[in-house]
Amino acid sequence: MGFSVSGSAAIVFVGVMIAAGIAVPSLVGSFGGLAGAQGEQIDRGVDAANTEFEVWTSTYNGTADTLEIRLNNTGSTTLSVNDTTVLVDGEIPADGDVSTAVDGDGGAGLWLPGETLRITIEGVEQEPGRAKMVAENGIAETTTGFGG
């Protein structure tokens, strides 16, 4: 083996080492981000699997034009009151028309397992056909027949 072959091999080896030194940190960072995203996805799936709530009562008051829905958190996930959405006949009521209370506390921001969330919607001019409540993680419950 002459000097030109050995020299060329050394230059190629050094080039490969430099390229690997540049590429490896980028790959490690990408794989770390991917692993983190997969962990978050698993956590969301566990929360969704542990989320369960049921409609306890739903009442329409035609005299006061209000709809009151009481939900029981029967799962093991703590839910956000502000991130729980209600749709009345497919429409989201204006924020000013909706009030909430958890076990009588109108300022509660969390809805713990075993607690009851009361949603009162004002300005409902006729008895709705259905109402759908959706938790922050997409779990939903629908009710019809409001006894009004």
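R118 is partly exposed in this predicted model, and its relative accessible area is 28%. The side chain of this arginine meets that of E68 in a salt bridge, with 4.0 Å from N to O. The pair links distant parts of the chain, since R118 belongs to strand 7 whereas E68 belongs to strand 2, and the two are 50 residues apart. E68 also forms a salt bridge with R70, where the closest N and O atoms are 3.1 Å apart. Through these shared partners, E68, R70 and R118 are joined into one network. A search of the whole structure finds 2 salt bridges. In general, side chains of opposite charge can pair when their charged atoms come close.

How exposed are the members of this network, and how do two residues with positive phi values stand beside them? The table gives the computed accessibility of each.

| Residue | Relative accessible area | Class |
|---|---|---|
| E68 | 26% | partly exposed |
| R70 | 26% | partly exposed |
| R118 | 28% | partly exposed |
| D65 | 25% | partly exposed |
| D103 | 51% | exposed |

D103 counts as exposed because its relative accessible area of 51% lies over the cut-off of 50%. Both aspartates in the table sit in loops: D65 lies between strand 1 and strand 2, while D103 is placed between strand 5 (98-102) and strand 6 (110-111). The backbone angle phi is near 55 degrees for D65, which is a positive value in a residue other than glycine, and phi is near 50 degrees for D103, again positive in a residue that is not glycine.

Strand 2, which covers residues 66-73, also holds N72. Is this asparagine buried or exposed? N72 is buried, because its relative accessible area of 17% falls under the cut-off of 20%. The side chain of N72 is joined to that of T116 by a polar contact of 2.7 Å. Leaving aside residues up to four places away in sequence, N72 touches E52, F53, E54, W56, W111, E115 and T116.

The nonpolar interior can be described next. In soluble globular proteins, nonpolar side chains tend to be buried together. Here the largest nonpolar core has 20 residues, and those with the most contacts inside it are L67, L71, W111 and M133. Two or more residues of this core come from each of strand 1 (53-61), strand 2, strand 4, strand 7 (116-122) and strand 8. When residues up to four places away in sequence are not counted, the contacts of M133 include F53, V55, I69, L71, V86, I119 and I139, and among them are also T85, A140, E141 and T143.

Strands 4 and 8 return in a sheet. Strands of a sheet pair through backbone hydrogen bonds, either parallel or antiparallel. This one is an open sheet of 3 strands in the order 4-8-9, and its pairing is antiparallel. Strand 4 (85-88) and strand 9 (140-143) stand at the edges with a single partner strand each, so one side of each has no neighbour in the sheet. On average, and with direction ignored, neighbouring strands of the sheet are turned by 15 degrees against each other. Strand 8, made of residues 131-134, is joined to strand 9 by 4 bridges, and these two strands run antiparallel. Across this pairing, K132 stands opposite T142 of strand 9.

Methods: Residues numbered from 1 in each chain as written. Predicted model: local features only at pLDDT ≥ 70, side-chain atom pairs only at ≥ 80, totals over all residues. Heavy atoms only, no water. Pairing = 2+ DSSP bridges. Axes fitted to C-alpha atoms, helices over the stretch in contact; angles between N-to-C directions. Buried < 20%, exposed > 50% of the residue type's maximum accessible area, 1.4 Å probe, protein only. Polar contact = N/O pair within 3.5 Å; in protein donor to acceptor, adjacent residues only side chain to side chain. Contact = heavy atoms within 4.5 Å. Core = buried A, V, L, I, M, F, W, Y, C linked by side-chain atoms within 4.5 Å.
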